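Work through the exercises below with the sequence and the 3D structure at hand. Each task is followed by a solution in steps.

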Amino acid sequence: MNETTESPAVKLTGLTKSFGANQVVQPLDLEIGRNEFFSILGPSGCGKTTLMRMITGFETPTGGSVELDGKNVDSVPTKSRDLNMLFQSYALFPHLSVYENVAFELRVRRTPKREIDGRVQDALALVRLEAFAERKPAELSGGQRQRVALARAVVGRPAVVLLDEPLGALDQKLRKEMQFELKRMQREVGITFIYVTHDQEEALTMSDRIAVMSEGRVLQVASPTEIYDAPASRFVATFIGSCNVLDGVVDAAGTGVVVPGLGALPASMPAEARPGSGVTLAIRPERVTLSPAVTVPASAPSDGVAGTLLERVFLGDEWTFHVRLASDAVMTVSVPSGAAAAALGAIPDGSPVLLTWAASDARVLPADGSLVAPSSSSSSSPSAPSAPSVSEVPA
Amino acid sequence: MNAPRSARRGRIAPSAAGYLMLLPALAVIVLLVIVPMLVIARDSFAISDPLGGNLGGFTLDNYAKLIDPVYLKTLGYSLGMALLNAVVCTVVGYIVAYYIATRRASLQPVLLVLVIIPFLTDFLVRTFAWITLLGSGGPFISLLRAFGVDAQSLVPSQLAVTLSLLYAFLPVAVFPIYASMRSIDPSLKEAAADLGAGWWQTHARVFLPLSASGLASSVMLTFVPTLGVFVIPVLLGGGKDPLVGNLIVTLFTEFRNEPLGAALSMVVLVLMLASVAGAGLLLRKRRPAQPRHTHGCRRDRRHPNHRHPKGRVMDRLTSWIARAVFLFLYLPIAALIVYSFNSSEVSYRFDGFTFRWYAELFADRMLLEALRTSAIVGLIAALLATVIGFLTAFALVRFRVKGRAFFVGAILIPLIVPEIVLGVSLLTVFSTAGIPTGLLTLVLGHVVITLPLATLVLMGAMSSLDPSLSEAATDLGASPWVTFRRVLFPLLRPSILAAFLLSFTTSFSNIVISTFTAGVGTTTLPLRIYSTLRTGLTPELNALGTLLVVATLGVILAVGVSQMRRILAGPSTTP
């Protein structure tokens, strides 16, 4: 994260915020690089909005400090901080035209008149709204308003733009389009984007790095692939995408995990795993292979786990299978639609099946029961409501 | 997200500036409301001079005198009339509000404006229109005669008083009920029908409980001012059955028995406070009890899904009642306009079209003088109320002020205290302080009654602004002053105009406060109309009334229909 010798765009040191006795943001340290697309991801009420508002200066931190471009800004008011915000409600000035909304900052900061027009036109061109300059915000669609807000946020060329769930008000299709648009614009203007969202898909598709927050704490800061493939905690594993989690203990040799009722299961053991310590095994549904119990593939990467096929759910691009294990826990397996899924079509519900996975796909996480994601819903494989997910059933 | 904190968003941290902005409003409330009421309270225990005036000292005589059957009768009659009027207004208001709230969205503002026009029309004009309508030879009597009923005149009569009281206060009842109904999800009606509730069940179990707060406001807003009315019993009741208001006016202005008047005012004040407290307690009791009702709905399986023939009949019946009410609201106004062009001097003949009365109106020097006084007082009072109201609203909405509820309550006091009590206490305090009645006292009195209106209008407008707007301006580099000038002020301009115009209209048509605060040479237009009316209705007054109705339309257009609706019926729940 510190590839360059320059100071980071944003540096937070021991930053914390309490409202009365309620500590909304636990003391945290964070560095956000220049030109980075950085997401703060977490469920509602995790403190991410408060964190963002402390960076902008709308909230005064209870403790710690904020540095922008290497300079401490704790006593710098919002209007003088070199950052702009894109509000969740967009906060476009309803009495001003699109043009005047975008020009607002330049006029307030007394930019030379001859410069204003060019910069406003450039900003409108960036968001492809040149033709709408004279309209009032009320005459625009939700997506267009969002673009105006973005143009207004970048026209002053701030070092950092903070975006507060900017896609929340848009419909599903527009939201997907805007994800790519935002990423394109961020690359084009070369400004650090701090993107606050509760939508893991948005965070995964756009970000260079993601900070996952829960209950006022930053649990993990990493690239989207690392967050997905190597979650640091059970919360991260279940909050990002869907994930099967099994509670167990490290075996005596320190080379595997013993899950009560299932025996030793293949897992990639971290070096620091101590024999006998309680851990959580996390396996993504798409990394599990489902096969009929009678035809165990010879090439199986390791011994599998036997179970009973409960049901299957068609989701368009994939099938989800729910399998009850001997421990009574239910595991989810996802298989892309097509030949592989068709081959499994012959297995009737209720028949015995075998689940196998590569040891490297089973992450061993510290058992942190306190940090469990509220639900493991995701667009890639939501678990069927009828089948209890493993995380809810003590193994 | 973070719902509890969002209320705080955009508010400036507590600072001296916030409290400083509240100072003018507090000065008005303390010096012109609280102190005068304390003086009245003290005076009610003073010994009265048989020659008129106040001898000071302490006695309970004044209260003892009120037990006299003459006073008790008036008091009982007033309470009865006020209660009757409040109940009738609220029931009719409920039907009208329900009718409006169940029309399609595009029709609702139109219907609401139809209620607003009579509401904003000068109180006296609305009252004397009934003289034309019900008086000898008027359209109503002619109609009765056509049906063979031998009638001379319905003025003065008990019926005329009752009708014009209903007419005067019905709009006040419609607005709060409509406001509370508008927040009811319209699909609840279908849900109730789907669950087997008939028309009565739907109303008794769903609409009535959900609009309880609106109904309570309606009762309060019609009961309290009816107690203080003194114009209607004189003009339409012939002064035979005076209300408390008449008694207070007589005691202060004719008998000059201030201590007895003060005691009577205190009784009215206490009755009013008791009824406010009672309504508040009732509402508080209701709320936790509500869920209980959701269990007991008897399912009527015989009439599944909307097939309630009785319900449809009832809906149709209430719709017709509502339409009749709209007719009722416009009959007097129509009579006013028609007779203003009647070339006959008597109302029982229509001799042809003329502009003569308008010409005479503009030749009436005393009337024009009164118009000038009212305009000057209205402009100054509205300007003061708007400026002070703006500062107050700004402090209460934009600053984190400690004791907000207390300040809001204090500013609303003039709205709950009967105007007649405010009027006599102002008169008392002005005469005690040696301030001669005149332009100054008129303006001060009118500021007292318009300030809460202006403050409420502006508070509503400010809190409906997205708090992110001022944050966005700050974020884009604007200082607080630039944020105010470039963002907040332009957005609030229509509301500032609305606050000013409503204050002006209120001041312009006020008669109660003016009765006590006007001096020689500062007769306001309503006072002038009132004294003219006591000797008889002239066609000239119809012309004046017509012009005032037109002016009201102008005010409504200037404020804007949607804004008017927000002011009177609360913010829209559907964006």
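How many salt bridges are there between chain B and chain A?

The model is a predicted one, in which local features need pLDDT of at least 70, side-chain atom pairs count only at pLDDT 80 or more, and totals for chains, interfaces and linings use all residues. Residues are numbered from 1 along each chain as its sequence is written, chains are lettered from A and ligands numbered from 1 in the order in which they are written, and side-chain values use heavy atoms, with hydrogens and water left out.

**Exercise 1. Describe the interface of the two chains.**

Step 1. The opening question comes first. The count between chain B and chain A is 1 salt bridge, a term for a side-chain nitrogen of Lys or Arg within 4 Å of a carboxyl oxygen of Asp or Glu. Its partners are Arg53(A) and Glu471(B), with N and O 2.7 Å apart.

Step 2. Count the polar contacts. Between chain B and chain A, 4 residue pairs are in polar contact, both residues being at pLDDT 80 or more. A polar contact is a pair of N or O atoms within 3.5 Å; within protein, one must be able to donate a hydrogen and the other to accept it, and residues adjacent in sequence count only if both atoms are side-chain atoms.

Step 3. Find the elements on the chain B side. Two helices, α21 (467-475) and α22 (480-508) of chain B, each supply at least two residues of the side that touches chain A. The most comes from α21(B), with 7 residues. Helices (H or I, at least four residues) and strands (E, at least two) are DSSP runs, numbered from the N terminus.

Step 4. Sort that side by class. The side of chain B that touches chain A has 10 nonpolar, 5 polar and 7 charged residues. Here Ala, Val, Leu, Ile, Met, Phe, Trp, Tyr, Cys and Pro count as nonpolar, Asp, Glu, Lys and Arg as charged, and the others, Gly among them, as polar.

Step 5. Give the extent. In contact (heavy atoms within 4.5 Å) are 22 residues of chain B and 28 residues of chain A. The area buried between the chains is about 2,300 Å², with 63% from carbon and sulfur atoms. Buried area is the accessible area (1.4 Å probe) that two parts lose on being put together, summed over both.

**Exercise 2. Trace the salt bridges within chain A.**

Step 1. Start from the total: the structure holds 26 salt bridges over all chains.

Step 2. Take Lys17(A), which pairs with Glu59(A) at 3.9 Å between the closest N and O atoms. Lys17(A) lies in strand β1 (residues 10-19) and Glu59(A) in the loop between α1 (48-56) and β4 (63-68) of chain A, so the pair ties together parts 42 residues apart in sequence. Lys17(A) and Glu59(A) are both buried. Buried means under 20% relative accessible area, exposed over 50%, partly exposed in between (1.4 Å probe, protein chains only).

Step 3. Move to Glu181(A), whose salt bridge with Arg147(A) has its closest N and O atoms 3.5 Å apart. Glu181(A) is in helix α5 (residues 172-189) and Arg147(A) in helix α4 (residues 142-154) of chain A, 34 residues apart. Glu181(A) is buried at 11% relative accessibility, and Arg147(A) is buried at 17%.

Step 4. Add the other partner. Arg184(A) also meets Glu181(A) in a salt bridge (3.2 Å, N to O). The two are 3 residues apart in helix α5 of chain A, so about one helical turn separates them. Shared partners join Arg128(A), Arg147(A), Glu181(A), Arg184(A) and Glu188(A) into one network.

**Exercise 3. Is Asn35(A) buried, partly exposed or exposed, and which residues does Asn35(A) contact?**

Step 1. Place the residue: Asn35(A) lies in the loop between β2 (22-32) and β3 (37-41) of chain A.

Step 2. Apply the cut-offs. Asn35(A) has 47% relative accessibility and therefore counts as partly exposed.

Step 3. List the contacts. Leaving aside neighbours within four places in sequence, Asn35(A) is in contact with Gln186(A), Gly190(A), Ile191(A), Thr192(A) and Asp208(A).
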